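Thank you all for making time this morning. I would like to walk you through one model, going from its strands to its helices, and I will try to keep to what the coordinates support.

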Amino acid sequence: MAAIEEFLADCERRMDAAIEHTRTEFNGVRTGRASTALLDTIHVEVYGANMPLNQVGTVSVPEPRLLTVQVWDRSNVQPVEKAIRSANLGLNPVTDGQLIRLPIPDLTEERRKELAKLVGQYAEKAKVAVRNVRRDGMDHLKQDEKKHQISEDEHKRLEQEVQKITDGTIKEIDDLANAKEKEILNQ
């Protein structure tokens, strides 16, 4: 019985990881307001390595429509600026010594629709990941039944339990996606 509870907890943990990954991706989609999370996905080529932006400078939000990056090492200013430009976030860096200002422009209607579509793609990827966890779980249950580790009735009950976890997780992903789309389109 402990193995079954462990199995269900593992399925739930793996599905929750998909939700967390989706939240992280959604944070990188800009909504017209400045947020340090907008730059979380940016990596900079410095010192012969690919490093996250927050490890080469301090990211802050001094105003609601402005992000700043205080680069710690002067030699890294150009690579940081290049990484921000190539991240395709629609931001235009303005460099002032070691400080990079990133004014957040108003989103056009076309760009809002593109971002909403991107949110939908991220949500779909997350749902695919959840369905893969479900499939793995169902396969595991079939194998356990064939090995006579669980009964047929137990197999059916556990399949329903895995499906219930899957349905709840997919609903949560849909709710997150709908909230993010609404946030983007209603700015």
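Before I turn to the sheet pairing, let me fix one term: two strands are said to pair if DSSP finds at least two bridges between them. Please also keep in mind that what you see here is a predicted model.

With that in hand, strand β5, residues 94–96, is joined to β6 by three bridges, and the two run antiparallel. On its other pairing, β6, which spans residues 99–103, is linked by five bridges to strand β4, residues 66–71, and that pair is antiparallel as well. A useful residue to look at is Arg 101 in β6, since Thr 68 stands opposite Arg 101, and Val 94 also stands opposite Arg 101. The hairpin of β5 and β6 has two residues between the strands, and within this hairpin Gly 97 takes a positive phi near 70°.

Now to helix α2, residues 77–86. Which of the residues of α2 are buried? They are Val 77, Val 80, Glu 81, Ala 83 and Ile 84, so you will notice a glutamate listed alongside the others. Viewed down the axis of α2, these buried residues fall within an arc of 160°, and therefore they line one face of the helix. On the other side of α2 we find Gln 78, Lys 82 and Ser 86, which are exposed. As for what covers the buried residues, the list includes β4, β5 and β6, the strands I have just described, together with β1, residues 43–46. Just after α2, Asn 88 takes a positive phi of about 60°.

Let me move on to the helix pair. In general, two packed helices are described by the angle between their axes and the distance between the axes. For helix α3, residues 109–146, and helix α4, residues 152–185, the axes come within 10 Å and cross at roughly 170°. Angles over 145 degrees count as roughly antiparallel, and α3 and α4 are therefore roughly antiparallel to each other. Sorted by class, the contact of α3 with α4 has 15 nonpolar, five polar and 12 charged residues.

I will finish with a single residue of α3, namely Lys 127. Is Lys 127 buried or exposed? Its relative accessible area is 14%, and because buried means under 20%, Lys 127 counts as buried. If we leave aside neighbours within four places in sequence, Lys 127 is in contact with Ile 170, Ile 173 and Asp 174.

Technical notes: Residues are numbered from 1 along each chain as its sequence is written. This is a predicted model: local features need pLDDT of at least 70, side-chain atom pairs count only at pLDDT 80 or more; totals for chains, interfaces and linings use all residues. Side-chain values use heavy atoms; hydrogens and water are left out. Helices (H or I, at least four residues) and strands (E, at least two) are DSSP runs, numbered from the N terminus. Axes are lines fitted to C-alpha atoms, for helices over the stretch in contact, and angles run from 0 to 180 degrees between N-to-C directions. Angles under 35 degrees count as roughly parallel, over 145 as roughly antiparallel, 65 to 115 as roughly perpendicular and the rest as oblique. Ala, Val, Leu, Ile, Met, Phe, Trp, Tyr, Cys and Pro count as nonpolar, Asp, Glu, Lys and Arg as charged, and the others, Gly among them, as polar. Buried means under 20% relative accessible area, exposed over 50%, partly exposed in between (1.4 Å probe, protein chains only). The arc is that of the directions from the helix axis to the C-beta atoms. Contact means heavy atoms within 4.5 Å.
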